[in-house]
Amino acid sequence: MGQPEHRGQGRGDGLPPGQRLQRGWPVTHYGPVPRFREERWEFRVFGATADGDKRCWTHEEFSALPYRTLVADLHCVTKFSMLDVEWGGVPAATVLELAPPAPEATHVMVWAEYGYSANIRLADFAAETTLLATHRDGELLTAEHGFPLRLVVPRLYAWKGPKWVRGVEYMTADRRGFWEERGYHNLGDPWREQRYSYQEEPGDGPEA
Ligand SMILES: Nc1nc2c(c(=O)[nH]1)N[C@H]1C(S)=C(S)[C@@H](COP(=O)(O)O)O[C@H]1N2
Ligand SMILES: [Mo]
């Protein structure tokens, strides 16, 4: 696989405020682990696309997209962090190139199995450290860690990175995702300790 091309977030590193180091790799999610059925799986880009059309990839097509690796830290809002995780997969920027958003798009909703979702600013989705990961340490992801596809956004708390991703919706206005509707911060920057929605300041979230 060669050397990782990117070091993830990156502010002198170390742990964000209030986090502690976790050894091993715990499994953290809400609900059951979905079963992967290749013939029913597709990755879909829709919403405010540049040409107004949807774009779909089969698993085979998506797996053929250019592969990159990234070393990044993972920060769970429940206060554990893992440092230097090596991910492999398709940069989110590649998806933005292949299925460009309309100029008015400002946010994305990342959709996963069972309706899990997370809203992210387009600029965070487009960051060079944002990866649609298929691998960790050169091995395919396991089912409980998101096989066949999970989003990794090192600069945000890990709930902003859905496991079992199935699509991306381009949006012209912000809208809350699954945990953002349930009391978690709309932005989720661990370096600013943006954990809960009661901490939001005017402009951090969608208009009421
Ligand atoms: N689909 C889905 N993705 C999810 C979650 C979830 O509940 N559902 N939980 C998130 C949270 S809170 C964390 S900390 C990470 C955990 O990833 P891991 O189980 O691979 O450690 O997955 C994120 N992705
Ligand atoms: Mo989490």
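**Sheets, cores and cavities in a predicted model**

Strands S3 and S4 run antiparallel and are joined by 4 bridges. The model is predicted.

Colleague: Which residue is the bridge partner of Phe43 in S4?

Modeller: S3 and S4 run antiparallel. Phe43 falls within strand S3, residues 42-47, and S4 covers 55-58. The bridge partner of Phe43 in S4 is Trp57.

Colleague: In what sense do S3 and S12 pair, and over how many bridges?

Modeller: One of the pairs places Arg44 against Gly167 of S12. The two strands, S3 and S12, pair in the parallel sense, and the number of bridges is 4.

Colleague: Which residue stands opposite Gly167 of S12 on the S7 side?

Modeller: S7, residues 107-112, and S12, residues 165-171, run antiparallel and are joined by 6 bridges. Gly167 is the bridge partner of Arg44. The residue that stands opposite Gly167 in the pairing with S7 is Trp111.

Colleague: What is the order of the strands in the open sheet?

Modeller: The sheet has 5 strands and its pairing is mixed. Strands S4 and S8 are at the edges, each pairing on one side only. From one strand to the next the twist averages 15°. The order is S4-S3-S12-S7-S8.

Colleague: Which residues have the most contacts inside the largest nonpolar core?

Modeller: This core has 27 residues. Two or more of its residues come from each of strand S3, helix H2 (92-98), S7, helix H3 (122-125) and S12. Those with the most contacts inside the core are Phe43, Phe62, Phe125 and Tyr170.

Colleague: With which residues is Phe62 in contact, leaving aside its neighbours within four places in sequence?

Modeller: Phe62 is one of the residues with the most contacts inside the largest core. Its contacts include Phe43, which is also among the residues with the most contacts there. With sequence neighbours within four places left aside, the full list is Trp41, Phe43, Trp57, Val90, Val95, Leu132 and Leu149.

Colleague: How many residues does the second, separate core have?

Modeller: Among the residues of this second core are Trp87, Leu131, Ala133 and Leu141. Trp87 falls within S6, residues 80-91, while Leu131 and Ala133 fall within S9, residues 131-136. The second core has 12 residues.

Colleague: How many of the residues of S6 are buried?

Modeller: S6 runs antiparallel to S5, with 7 bridges between them, and antiparallel to S9, with 5 bridges. S2, residues 20-21, runs parallel to S6 and is joined to it by 2 bridges. S6 is mostly covered, and the number of its residues that are buried is 10 of 12.

Colleague: Which residues of S6 stand opposite Arg68, Leu21 and Leu132?

Modeller: Leu21 has Ser81 as its bridge partner in S6. Arg68 stands opposite Gly89 in S6, and Leu132 in S9 stands opposite Val90. For Arg68, Leu21 and Leu132 in turn, the residues are Gly89, Ser81 and Val90.

Colleague: Which residue takes a positive phi in the hairpin of S5 and S6?

Modeller: S5 and S6 pair in the antiparallel sense. The hairpin has 4 residues between the strands, and the positive phi is near 95°. The residue is Lys79.

Colleague: What is the volume of the largest cavity?

Modeller: The structure holds 4 cavities of 30 Å³ or more. The largest is lined by 14 residues, with Leu74, Leu151, Val152, Val153 and Ala158 nearest its centre. S5 and S11 each supply at least two residues of this lining. The volume is about 120 Å³.

Colleague: Is Thr129 buried or exposed?

Modeller: Thr129 is found in the loop between H3 and S9. A residue under 20% relative accessible area is buried. Thr129 has a relative accessible area of 8%, so Thr129 counts as buried.

Colleague: Is Tyr114 buried or exposed?

Modeller: Tyr114 lies in the loop between S7 and S8 and has a positive phi of about 60° although it is not a glycine. Exposed means over 50% relative accessible area. The relative accessibility of Tyr114 is 59%, so Tyr114 counts as exposed.

Colleague: Which residues does the cis peptide bond join?

Modeller: Pro148 has its place in the loop between S10 and S11. The omega of the cis bond is about 10°, and the residues joined are Phe147 and Pro148.

How values were computed. Residues numbered from 1 in each chain as written. Chains lettered and ligands numbered in written order. Predicted model: local features only at pLDDT ≥ 70, side-chain atom pairs only at ≥ 80, totals over all residues. Heavy atoms only, no water. Pairing = 2+ DSSP bridges. Axes fitted to C-alpha atoms, helices over the stretch in contact; angles between N-to-C directions. Core = buried A, V, L, I, M, F, W, Y, C linked by side-chain atoms within 4.5 Å. Buried < 20%, exposed > 50% of the residue type's maximum accessible area, 1.4 Å probe, protein only. Contact = heavy atoms within 4.5 Å. 1 Å grid on protein atoms, 1.4 Å probe; cavity = no way out; pocket = protein on both sides within 12 Å on 5 of 7 lines; lining within 4 Å. Points joined across faces, edges and corners; volume = space filled by probe spheres on them.
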